[in-house]
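Here is a friendly walk through the model, one question at a time. Have the sequence and the 3D view open as you read.

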Amino acid sequence: MKRLYYIFLALGCTIAVACKQNEPLLYTDIARAQFGPDPTVYYSSSQIYGDTLKNQSFAYLATDILVDTIYFDLYTMGAPSKVNRSFVLKQEQVYGTTNALPGVHYKALDNPEISKHYVIKAGATHHKVPIVLFRDVSLKTTAVTLKFKLIDNKDLALGQPGLLWRKVVFSDKLIKPAAWSGSNQSQFYGAYSEAKHRFMISATGQKWDQEFMNYLNGAFTEPVQYWMSVVKSSLATYNAANPTNPIIDEVTNKAIVFP
Amino acid sequence: MKIFNINRQVANIFFVLFLFIFSACEKYKPVYQYSENEKITATGLEALYQVTSGNDVLTIDPTISSNKTGDLKCVWGIYETNTQGTNPVMDTLARTKKLEYKVNRSAKDWYLMLRVTNSRTGYSQYFKSTVRVGTIYTRGWYIPKDDGSQTDMDFFATPATSSMPSNNTKIENVYSLMQGKKLEGKAIMLSFFVNFKSMVNGSYVSTRSLSLVSEKDVSMMDLSNLQVYRNFDNIFQAAPTPRKMDVVTTDFLKYFLINNGQLYSMVGQGYSEGIFGGRKLLTSNDNPYHLSKHQIIPSAGTAYFFDEMSSAFYAGTDRSLYLGAVTINTARLDNNPVTPASAAATNKKLIYMGNKVYGSSGGGAPGGYVIFQDKTNPTIKTMYQVGSAGPNGLTLNAGVTISTASKLFNATHYGLLFGDENLLYFSSGKEIYSYNLNSNTEQLQYTVPNDEEITFIRHRKLTGADAYNYVMIGTQSGQNYKVRLFNKTTGNLNTEPSVTLTGKGRPVDALYVSPTVTTELVYSYTF
């Protein structure tokens, strides 16, 4: 029995020494940078690859607005620095799309007017990266793609491989929202055309994009009734005032109508 | 005899293993039990309790027992009925067998739950009762009125045992008393809704509500406390202009609102936030229209409206953005067919239209009556019985040309008997007449004193615990009003009113509410 006692004792000691408090991992690597989602969802693991692509359309803006700036979120890894740290962006060509042209569709990323803003301020670990888009006339007919990536430099090395790039697809065209379909289409909106979409925006001041249509698709039926009442009434007013100049559906070449 | 030659160390290992295996064994517990199931009973619980919030103490001391031995523990809770989008949360009221609860809930139906648990067996049984909560405002008569420019209402509380009002229980100007101000504009109407949605604790719930409508505003009030939760500024998706309220009405499945002759609708049974949708259009060209304040609203059927501009009927729903054209399928006037039938309404001004009964389809009783006046020749007035003929059609039958010599020709106020005798009450000067819709004869019923002006005629009735059946006549004399509530015998008014309510202002209606009114379908929502 004495031997049995020793066996249990040895087992107990082994188990005891095997326990150890879990210590947090400390970042000991060099300073790095990578893109990420909006700071409000930064610590949500499901959102880490969010915001990779932005769709932007000048069509929602007034016709005299020729420049628009969009922002992406950049984060540093490692301790904050006591000095400003610059970072470098470079366009990457995307096969099979119309790539945006620097100076035509967007302000070149190495243009000092914009690159001077590509700086992580001292003490900061996050920066809103501005990308300046131009409303070139070609955007009326074509959507262009601007994909850009981080380039390592003396201040910041590259972070996680999948988070080193961002992409923006932009145009001056309206894009049919996914919610413009099914019963919504048959009951309220009718067949899609950009002319109709543009009229709905001008008549209501609403974007009629996916987000707005999701709101109209909510639990209550009255909001969509209200907004479509405004749209239809506005179209009737327009048609009465412009009997020989109706708004033409670019697909059917006929005056736009709603169900 | 030694069968296996193993050393002592190996034997010890086997011994340890055996200990592990032994400790892993568990005593078998049979799955099946053949003993009698436990049954807990509680007696002394009523199916329904009617209480007044802020006043009554709900005292219940049930007798509880179980067919198994053990100590029985009680928990009382209360939770809301009819919530939308959220599960109701139960509030614990007591953990004693005897419940003594000072009721402080809003006026509506609640579920009272008693859970009895046998602490020895762990078995619990639940018992549920309905608690119908009222407040001092949930039982009595309301009289909407105005002073010529602003609207208010008086309240005449009634006891739990009777719907008979008394001037001794009057709370004058109860609307402005609770809100601190009156509604702008003259009084139009007052309605009671059971299911209008209001936000309570973050979710929309069916709320027993009063709807007070003036020329320039509307107030949706929680009947519990008369607090306003919607008004003209937030009862629309965007408040329209001008502010010119006509009516708020319902057919149970949907609500309708007419402002400046324009129709708005809202879901009545289903998800709603208590906000009306967009203005309905007549056509895709948005042709102008102006609906009469009079409609025929069958229960959950086609609601008929009348466009005063085109002299045509239209149907309204809560789903379509458009008013639906309604065809007059047949029309008969003075025993002759009107050809085409649509001519019965062509170039006509609608003088009066109201519900006779709710149900009208399937060849049943007529839905209502309409009185027209010719726009070109005002001496021509006609009256028809309105019947439903499918979702997009109606009939105008039993039409009569109203003689210029008749009292009905010069009538100023109308009141159809809702569901009772086939009579139309109306006023002519100081006199109240009944018009027999079967024999087309008139009969003087009552004459108001010379110094009084008749302001409304209304028939309302209720069956059940708070039963009443009154033809009500409102009058104004100077700054004061009288509302006479007449019982009737075979359609004729009794010689004297059962009670006369008095107050200040110009009354436009009298409406009784009580916890026993649990559906919108007891009253007509037309004038």
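Q: Which residue just after α4(A) takes a positive phi?
A: This is a predicted model, in which local features need pLDDT of at least 70, side-chain atom pairs count only at pLDDT 80 or more, and totals for chains, interfaces and linings use all residues. Residues are numbered from 1 along each chain as its sequence is written, while chains are lettered from A and ligands numbered from 1 in the order in which they are written. Helices (H or I, at least four residues) and strands (E, at least two) are DSSP runs, numbered from the N terminus. Just after α4(A), a positive phi of about 80° is taken by A:G205.

Q: Within what arc do the buried residues of α4(A) fall?
A: A residue is buried if 20 or more other C-beta atoms, placed from the backbone, lie within 10 Å of its own, exposed if 12 or fewer, and partly exposed in between. In α4 of chain A (residues 194-204), the buried residues are A:K196, A:H197 and A:M200. Going by the directions from the helix axis to the C-beta atoms, they line one face of the helix, because seen down the axis of α4(A) they fall within an arc of 100°.

Q: Which helix of chain A is included in what covers the buried residues of α4(A)?
A: Chain A has 6 helices and 10 strands to choose from. The cover over the buried residues of α4(A) includes α6 of chain A.

Q: Which element gives the largest share of the side of chain A that touches chain B?
A: Two residues are in contact if their C-beta atoms, placed from the backbone, lie within 7 Å. By that rule, 17 residues of chain A and 20 residues of chain B take part. On the chain A side, the elements that give two or more residues are α1 (2-18) and α6 (222-241). The largest share, 11 residues, comes from α6(A).

Q: What radius of gyration does chain A have?
A: The C-alpha atoms of chain A fill a box of roughly 105 × 55 × 35 Å along the principal axes. The radius of gyration is taken over C-alpha atoms, and the globule rule is 2.2 Å times the number of residues to the power 0.38. A compact globule of 259 residues would come near 18 Å, but chain A has 27 Å.

Q: Which strands stand at the edges of the open sheet in chain B?
A: Two strands pair if DSSP finds at least two bridges between them. The 6 strands run in the order β26-β25-β30-β29-β28-β27, with mixed pairing. β25 (residues 327-333) pairs with β26(B) in the antiparallel sense over 2 bridges, and B:R332 stands opposite B:P337. Each edge strand has a single partner, so one side of each is left without a neighbour in the sheet; these are β26 (336-337) and β27 (348-355) of chain B.

Q: Which strand gives the most to the largest nonpolar core?
A: A nonpolar core is a set of buried Ala, Val, Leu, Ile, Met, Phe, Trp, Tyr and Cys residues joined through C-beta atoms within 7 Å. The largest has 129 residues, and B:F313, B:V370 and B:L424 have the most contacts inside it. With 8 residues, the strand that gives the most is β15 (residues 187-200) of chain B.

Q: Is B:N492 buried or partly exposed?
A: B:N492 lies in strand β39 (residues 492-493) of chain B. Leaving aside neighbours within four places in sequence, B:N492 is in contact with B:S434 and B:Q445. Because B:N492 has 15 C-beta neighbours inside 10 Å, it counts as partly exposed.
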